[in-house]
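Hello,

Here is the structure we talked about handing over. Please have a look at it first, then read my notes below.

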Amino acid sequence: MPKVKVEKKKKSQNGVVKQGILFNKDFGQHILKNPMVITSMLDKSGLRPTDVVLEIGPGTGNMTVKLLEQVKRVIACEIDTRLVAELQKRVQGTHLQSKLEIQVGDVLKSDLPFFNVCVANIPYQISSPLVFKLLLHRPFFRCAVLMFQQEFAQRLVAKPGDKLYCRLSVNTQLLARVDMLMKVGKNNFRPPPKVESSVVRIEPRNPPPPINYTEWDGLTRIAFNRKNKTLGSAFRQTAVLVALEKNFKVHCSLNNKGLPEDFNIKEKVEEILVKVEADQKRARTMDIDDFIRLLHAFNVEGIHFS
């Protein structure tokens, strides 16, 4: 009889099968298994016994259980019903059960509850939208200690002139203080991800800067579309000028102002950029104060980005 070739299972798969769970890569499931990393993340969170903690993607509950031992309540958001069952089983019949609330579903499509601190090993594919969902959440939370893909974490903390400095960097740092806490290797997860990871602490600025965030986001979107080009070049693009002219007309209409007969949006934009000495600047070298001045200069002249 011909030999039947049996495919060997990888170690990471074996570990998963023993628990009866096959982790779903579509949900970015990489369970943090190193208790020392978990303990360090909790220590950096400055937890208090009275805290309500939000955990996103609790997995099998390695971090959840340690959180429950230290705080008043944990609200765990999980999209995978199989892992919800595992988590419930883990605390069932213990003194921790009453302190755990599980919200089942996609956290990006759900309203966030009240919480003091967020601690999570989040699915990496939702990193960017989740950061801004957290930062725009009210009332303010005290801090978030989150595990990210290493390059994403480096972008969050990048400064003007850094290779990785981008729209994500300036938008996040407008709304929060961001600090890199530690690097975490692939082998601390099961199954191991393909990339290295880092833990970041995010502390919202409270009160927030007196800036319309939608406007700010519109400005930085244009500036960083080609971050190595000058702003003069970025704002000369036809699509940008058409959008700004449309916004200007809406602004005039809402404020009962007539549109100047000789109005030329291209000339107006160039005039503003020259006035604040930004026409030859590049987004990759500009800091938050530079963008605040530029946004104010546009808004004063009735030009808006939303």
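**Helix packing**

Helix 7 and helix 8 cross in a right-handed sense. Keep in mind that this is a predicted model. The two axes, with helix 8 spanning residues 213-223, come within 10 Å and cross at roughly 155 degrees. An angle over 145 degrees counts as roughly antiparallel, so helix 7 is roughly antiparallel to helix 8. On the helix 7 side, the contact is made by Arg167, Val170, Asn171, Leu174 and Leu175. Helix 8 contributes Tyr213, Trp216, Asp217, Thr220 and Arg221.

**The sheet**

Next, the strands. There is an open sheet of 7 strands with mixed pairing. The strand order is 4-3-2-5-6-9-7. Its edges are strand 4 (100-104) and strand 7 (176-184), and each of these pairs on one side only. On average, neighbouring strands are turned by 20 degrees against each other, direction ignored.

Strand 7 runs antiparallel to strand 9 (residues 197-204), and 8 bridges join them. Within that pairing, Met180 has Val200 of strand 9 as its bridge partner. Helix 7 comes back in here. This helix, residues 167-175, packs on the sheet and touches both strand 7 and strand 9. Its direction makes about 120 degrees with that of strand 7. Helix 7 therefore has two sets of contacts to look at: helix 8 on the one hand, strand 7 and strand 9 on the other.

**The cores**

In soluble globular proteins, nonpolar side chains tend to be buried together. The largest nonpolar core here has 63 residues. Which of its members touch the most others? They are Phe148, Ile202 and Phe235.

Take Ile202. Leaving out residues up to four places away in sequence, Ile202 touches Val131, Leu135, Phe141, Cys143, Ala144, Leu146, Phe148, Ala176, Arg177 and Val178. Phe148 is thus on this contact list and also among the core members with the most contacts. A second core, of 28 residues, is separate. Leu32, Val65, Val74 and Ala76 are among its members.

**One polar residue**

Last, Asn247. It sits in helix 10 (residues 238-254). Is Asn247 buried or exposed? The cut-off for buried is under 20% relative accessible area. Asn247 has 19% relative accessibility, so it counts as buried. Asn247 touches His304, Phe305 and Ser306, again not counting residues up to four places away in sequence.

Best wishes

Note on methods: Residues numbered from 1 in each chain as written. Predicted model: local features only at pLDDT ≥ 70, side-chain atom pairs only at ≥ 80, totals over all residues. Heavy atoms only, no water. Pairing = 2+ DSSP bridges. Helix = DSSP H or I, 4+ residues; strand = E, 2+ residues; numbered from the N terminus. Axes fitted to C-alpha atoms, helices over the stretch in contact; angles between N-to-C directions. Contact = heavy atoms within 4.5 Å. Core = buried A, V, L, I, M, F, W, Y, C linked by side-chain atoms within 4.5 Å. Buried < 20%, exposed > 50% of the residue type's maximum accessible area, 1.4 Å probe, protein only. Parallel < 35°, antiparallel > 145°, perpendicular 65-115°, else oblique. Left-handed = near helix turned anticlockwise from the far one by under 90°.
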